[in-house]
Each structure stands twice: as C-alpha cells, then as structure tokens.
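The exercises below are meant to be worked through with the sequence and the model side by side. Try each task before reading the solution that follows it.

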Amino acid sequence: MDCIEGARKYIRNDSVDLVITDPPFGIAGDQVHKHYHRKENFVLHGYQEIETAEYAAFSRDWIKEAERVLRPGGSIYVFSGYSNLLEILNALRQTKLLEVNHIIWKYNFGVYTTKKYVSSHYHILYYVKPGGKVTFNTHIRYGPDEKDTKGRSLNYQDREDVWIINREYKPGRVKNKNELPSQLLIKIIQYSSNEGDLIADFFLGGFSTAKTAVGLNRAITGFEINPSAFKYHLSELQKVQPGYLLKQIKSGKGKYPANKNKKWNEMEILSLYKRYHEIYNQLQNKSRTIKILQEEFGRGYFAILNKIEQMPGHIVR
Ligand SMILES: C[S@@+](CC[C@H](N)C(=O)[O-])C[C@H]1O[C@@H](n2cnc3c(N)ncnc32)[C@H](O)[C@@H]1O
C-alpha cells in the first residue's frame, strides 16, 4: 500500500531503530534501469513513479511519517538522484532530524552519454532523530589497527563518505527496477543497527533492504504500492534464512581501548598529567609518551592527546 497511509495506520511513534529507503526519483520516463544491458522481461512492471509537480509535497509527507516512527536516536538513510535532491533536502530540513553525513555512492553502469559527463552517482542522506542514543558501530567492520598493504587505516577508508560499490548483475532472475546492491545495504545496517533492531523501508521495491535486514538478523517493516512486486518479493523474503549473512560478513578485529567512551574523572586526569610529565621527562618525545599512556589509561591516542593539550601550562610542540 501507499507508505504514508500505511505508516499512519501500522507503525507506532518512536518504534523504528533505522529507516533505509530509496524513494522513486520523480523522473518521468526514468531511463536508469535500461543501462545494465539486461533483458527487460525479467523486470517486474508496475513500478510507481511520482509526478514532478507532486514530488515536493509527497517527499514532505513521507519524511514526516519517517520522522514520527523513528525512535529518538534512530537513524535514517534516504537515497536520491540529483534531479529531485533539492526537494528531499527541503523536506528533511522541515523536520527536527539532524544531518550527519551527505554520502556519495558511485556505482558502475552509469547512464551513457556523449555530449556531457556520465552520471554515475547517487546521494545518500544520513540523518538522526535527536533525543536518544545513536547507534553507530564504529569498529564493526574494521578494527582500529587494521591496515591495507600501504599501511593506511581500513577503518578510516571504510568510513569515508564517498562509497564505490558496484551494482549487481542478476541475469535470469526476476527483479525490480533499480535494486540496491546488498554490499551497500550490509554496510549501512552494520554501522547503524544491532541484531534484533527494527528497520523500516517505506519503498520496498525488490525488497533488497528487507532481505538484507533479515539476513543480518534484524526485523523489517515497510510498504510497496506495486501489488505484483509486493506479492512476488514477499514470498521471496519468506525464504530468507534469518541471520544467514552474519556468517559471510567480515567483522572488525583488533584491540579496543578498555575505557573508550568512558567519561574522565578528576583523579584520572590529575594522574594522567603526573604520568605525562614523568614519562616525557625521560623520553623527550610526545608521541612515544602518549603511546605508553594509552596502555596505562586504556584510552585511544587522540583521547590522551586531547587531554594533554588541555593541561594547564601545556605548550603544543
Ligand atoms: C527506487 S524503488 C525501490 C527499490 C528498492 N530499494 C530495491 O532495492 O529494490 C521505489 C519503489 O517505490 C514504490 N512506490 C512508489 N510510490 C510509493 C508509495 N506511495 N508507497 C509505497 N511504495 C511506493 C515503487 O513502486 C518502487 O517499487
């Protein structure tokens, strides 16, 4: 059914941990789906577009509902092309949701053009509802010490806001237009939810978000207005083994500081200053001193550095 009506009827206030959704882009005669050289007879018909003139009001209405159903601290990721990005941003800014990141997803098989640049990205707008604890599992995929062959942090690279993730070929399988790749959905779900959380997708389409969510042992709710897509993909979703993806995904390795995110108390700060002076006087090297203090105080490098830089009389070297 229609997601606005459906959310009002079926989803309680403050009940959803994470919304991931990919609304119709409002491009009349959308050609995007024709670019993967695929056989159209495997594409389910009845995909519902939104008229350009209605797009702003439509976006405001469903985003207002998404804000209502999210729990305080819950996260929302909205996919958008560039044509109607302005309407989505305007609708988000008319809520109390807070902007966290504006992610660019670069995909393969962009729309082929000769007299202009090839369009090969989407926008992913990541916002949170204020007033509660936000789930962001910083080290769920790559631990703090994991490095690539050039010594660069894999965690840092994975959390950069430009994502290069290929679309998936699904030759010979029934599909919806514009299905999202599972690697992209796994990433969002891992960072912004925990097992057992409830995820909502207001525009289920080919149920990619739903199938990935169940595969990662999350619960799912959502809507799709196209009855044939809904019926077909719901029966496919019922075949997904809850949690089956958990065995396939990589999880972050490495040591985490024992007192990470714990508030510093006054005694601890005074003892940090004392130890800093003692060790620094011997080593005469700030970064080696901090590394020793990391072990002693169970804190990360930057947590120690920040405190040291706030030390009365400290001279930044
Ligand atoms: C871009 S697709 C979603 C694709 C989906 N993320 C996937 O990976 O398969 C948007 C979907 O929203 C559906 N839709 C359009 N208007 C709707 C509405 N008012 N309520 C619910 N679904 C709607 C369309 O039929 C289409 O399947």
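Two strands are said to pair if DSSP finds at least two bridges between them, and this definition is needed for the second exercise. The model is a predicted one.

**Exercise 1. State how many helices and strands the chain has, and what share of its residues is buried.**

Solution. Begin with the secondary structure, where the chain shows ten helices and seven strands. Then turn to burial, for which the count gives 30% of the 317 residues as buried. Finally, consider contacts between residues at least 6 apart in sequence, of which 73% join residues at least 24 apart.

**Exercise 2. Find which strands pair with β3, and in which direction each of them runs relative to β3.**

Solution. Take β4 to start with: strand β3, residues 98–111, is joined to strand β4, residues 119–128, by nine bridges, and the two run antiparallel. Within this pair, asparagine 101 has tyrosine 126 of β4 opposite. Next comes strand β5, residues 162–164, which is joined to β3 by three bridges and runs parallel to β3. Here lysine 106 has isoleucine 164 in β5 as its bridge partner.

**Exercise 3. Check whether the length of α9 agrees with the expected span, or disagrees with it, and describe how its residues are placed.**

Solution. Helix α9, residues 286–297, has twelve residues, which at 1.5 Å a residue should span 16 Å, the expected span being 1.5 Å times one less than the number of residues. The end C-alpha atoms are 16 Å apart, and so the two values agree. The next step is burial, and the buried residues of α9 are Thr289, Ile290, Leu293 and Phe297. Viewed down the helix axis, these buried residues of α9 fall within an arc of 95°, and therefore they line one face of the helix. Ser287 and Glu295, on the other side of α9, are exposed. As for what the buried residues of α9 pack against, the partners are α8 (266–283) and α10 (301–309). After α9 comes glycine 298, with a positive phi near 60°.

**Exercise 4. Carry out the analysis of buried and exposed residues for α10.**

Solution. The buried residues in α10 are Ala303, Ile304 and Lys307. Seen down the axis of α10, they fall within an arc of 95°, so these residues line one face of the helix. Phe302, Asn306 and Glu309 are exposed on the other side of α10. The cover over the buried residues of α10 includes α8 and α9.

**Exercise 5. For aspartate 14 and asparagine 261, give the sign of phi, the place in the chain and the degree of exposure.**

Solution. Aspartate 14, a residue other than glycine, has a positive phi near 55°, and it lies in the loop between α1 (3–10) and β1 (16–21). There are 15 other C-beta atoms within 10 Å, so aspartate 14 is partly exposed. Asparagine 261, although not a glycine, has a positive phi of about 70°, and its place is in the loop between α7 (227–237) and α8. Because asparagine 261 has 10 C-beta neighbours inside 10 Å, it counts as exposed, the limit for that class being 12 or fewer.

**Exercise 6. Describe the shell of residues around the ligand.**

Solution. Of the 20 residues around the ligand, those that come nearest are Gln48, Phe203, Gly205, Gly206 and Ser208. Sorted by character, the shell divides into eight nonpolar, eight polar and four charged residues.

Technical notes. Residues numbered from 1 in each chain as written. Predicted model: local features only at pLDDT ≥ 70, side-chain atom pairs only at ≥ 80, totals over all residues. Helix = DSSP H or I, 4+ residues; strand = E, 2+ residues; numbered from the N terminus. Buried ≥ 20, exposed ≤ 12 C-beta atoms within 10 Å, placed from the backbone. Contact = placed C-beta atoms within 7 Å. Near = placed C-beta within 6 Å. Nonpolar A, V, L, I, M, F, W, Y, C, P; charged D, E, K, R; others polar. Arc of directions from axis to C-beta.
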